[in-house]
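Here are a few short exercises to work through with the model open beside you. Try each task on your own before you read the solution.

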Amino acid sequence: MKAISLDITQAEKFACEQYKGLAGAAAEALEDVNTGRAAGNDFLGWVRLPGEIDSDLIDSINKTAERLRSKCDYVVCIGIGGSYLGAKAVISALSNCFSDFMDPAATGTKVLFAGQNIGEDYTAELQEFLKGKKFGIVVISKSGTTTEPAIAFRLLKTQLEEAVGKEAAKELIVAITDAKKGALRTLATQEGYETFVIADNVGGRFSVLTPVGLLPIAVAGFDIKKFVEGAAKMEKETMANGAENIAETYARMRNALYRSGKKTEILVNFNPKLHYFGEWWKQLYGESEGKDGKGIFPASVDFTTDLHSMGQWIQDGERTIFETVISVKAPELEKVIPSDEQNLDGLNFLAGKRVDEVNKMAELGTQIAHVDGGVPNLKIEIARLDEDTLGQLIYFFEKACGISGYILGVNPFNQPGVEAYKKNMFALLGKPGYEKETAAIQARLK
Ligand code: PA5
């Protein structure tokens with residue numbers, strides 16, 4: 001049985017004609033991704049990456065992870081966007097929900113994150129927490145010039161050097177960046193840090209299956225070989241055109257729904273371990289498709305939690321949304337609801353049932369209610385939360401994203417829009433080289 005299946009039957013009636021009409025475009029878009037004949041083709045290195053990954057690279061990542069695990073209770077992974085979200089999503093999905101509160105001496109090295117924001121309190125509190133602790137740093141930036149991780153790295157590198165000395169700190173820092181370009185490459189070469197390379201032809205948000213995602217995941221103690229093998233299975237399954245190709249089908253259906261007026265897609269989970277998977281997915285689809293005045297707006301919710309906050313809007317608000325539910329078939333653990341003699345809470349009708357049975361009925365009840373209320377529902381069922389399945393799921397969404405962007409008619413592999421805020425920020429901060437922009441923005445603010 002396959003670890004991942006896609007059910008579009010609860011969406012078909014909302015965009016039947018559009019779905020039929022997109023058969024040719026979906027097949028063409030799949031071919032664009034597979035053969036690299038369309039815009040953005042210099043960023044398609046991720047397409048055959050899992051199947052072709054060098055086993056020496058996996059060994060060397062595992063060796064580095066083991067070294068960091070043997071020396072550090074905490075490893076701070078510094079990065080933002082594609083250099084952060086994939087690792088965070090996979091580690092959260094595989095970890096005990098309370099892992100952060102457990103003793104690393106008993107349960108293994110903890111991975112913390114920095115440089116994914118410029119919150120002064122966050123940084124100060126992280127540095128306070130790390131005082132007196134054994135920690136290392138994995139600094140990740142493809143461009144090697146991104147401001148948020150650069151600030152965090154400057155602060156944490158100084159702290160580490162002050163704590164253990166400059167020479168010992170070098171052994172505890174690993175950099176993942178471009179082979180030649182960028183400030184981080186220059187720094188790593190000068191300081192003699194161990195480094196891993198992000199290939200030129202893999203963009204940030206498609207880089208989970210490179211050292212960007214693999215090293216943090218291995219440091220957290222998970223099996224990256226199984227993770228990559230899972231992705232390689234999905235790579236094979238999503239090559240050929242046809243109904244069996246779930247990436248093509250998902251991409252085609254979400255575009256059909258978009259054309260029928262459903263402009264927002266909500267990624268739903270019924271398992272809190274998948275919260276950050278939603279964050280990763282939002283970046284993947286938001287940065288890939290939101291351009292040229294087009295694109296489905298990607299949002300995410302955690303159910304049933306958010307049924308008590310966003311549920312009203314989803315059930316009865318403007319009918320411009322559809323939802324994609326990731327349903328985990330089997331939880332790892334078992335918890336049965338006990339019977340109670342007094343039954344004051346009226347819950348004895350659930351006594352003897354597993355908590356997951358209630359969760360699954362909440363899921364089914366929500367699906368029926370939302371479809372009745374005009375919200376098309378796509379369901380992605382995954383067998384369990386393990387490395388193999390998550391590798392498959394990551395690759396599935398990446399492949400579907402490439403196909404979907406091409407069906408939409410955009411280049412899914414660039415992100416020109418993210419430069420606008422940076423330009424203004426540098427102008428406002430008076431960065432050398434931005435003198436004209438600084439004068440212009442200050443004149444606007446008078
Ligand atoms: O997907 C992308 O390209 C971006 O989200 C980048 O990953 C993000 O901006 C971080 O860039 P970098 O790795 O160059 O620091």
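**Exercise 1. A valine in a helix**

Is V90 buried or exposed, and what is its relative accessible area?

*Solution.* Keep in mind throughout that this is a predicted model. Start by finding the residue: V90 sits in helix α5, which spans residues 85–94. Next, take its relative accessible area, which is 0%. The cut-off for buried is under 20%. V90 is therefore buried, as its relative accessible area is 0%. As a last step, look at P216, which is 126 residues from V90 along the chain. The C-alpha atoms of V90 and P216 are 9.6 Å apart.

**Exercise 2. The two faces of a strand**

Work out how strand β9 is covered, one face at a time.

*Solution.* Begin with the strand as a whole: β9 covers residues 321–328, and eight of its eight residues are buried. Now split the strand by side. One face carries I321, E323, V325 and S327, and these are all buried. The other face carries F322, T324, I326 and V328, again all buried. Both faces of β9 are thus covered.

**Exercise 3. The neighbours of β9**

Identify the strands that pair with β9, and trace the chain from β9 to β10.

*Solution.* Take β7 to begin with. This strand, residues 264–269, pairs with β9 in the parallel sense over six bridges. Within this pairing, V325 of β9 has V268 opposite. Then turn to β10, residues 377–382, which runs parallel to β9 and is joined to it by six bridges. Here I326 has I380 as its bridge partner. To get from β9 to β10, the chain passes through helix α16, residues 355–372, and this β-α-β crossover is right-handed.

**Exercise 4. The ligand and its shell**

Which residues are closest to the ligand, and how many residues surround it?

*Solution.* Count the shell before anything else: 13 residues surround the ligand, and the closest are S83, S141, S143, T146 and Q283. Sorted by class, the shell has nine polar, three charged and one nonpolar residues. Then go through some polar atom pairs:

- S141 places a polar side-chain atom 2.6 Å from a ligand oxygen atom.
- K142 has a polar backbone atom 2.7 Å from an oxygen atom of the ligand.
- S143 has a polar side-chain atom 2.7 Å from an oxygen atom of the ligand.

Finish with the surface: the ligand taken alone exposes 380 Å², and the protein buries 88% of that.

How values were computed. Residues numbered from 1 in each chain as written. Predicted model: local features only at pLDDT ≥ 70, side-chain atom pairs only at ≥ 80, totals over all residues. Heavy atoms only, no water. Buried < 20%, exposed > 50% of the residue type's maximum accessible area, 1.4 Å probe, protein only. Helix = DSSP H or I, 4+ residues; strand = E, 2+ residues; numbered from the N terminus. Pairing = 2+ DSSP bridges. Right-handed = clockwise from strand over helix to strand, strands pointing away. Polar contact = N/O pair within 3.5 Å; in protein donor to acceptor, adjacent residues only side chain to side chain. Areas by Shrake-Rupley, 256 points an atom, 1.4 Å probe, with all protein chains shown as cover. Nonpolar A, V, L, I, M, F, W, Y, C, P; charged D, E, K, R; others polar.
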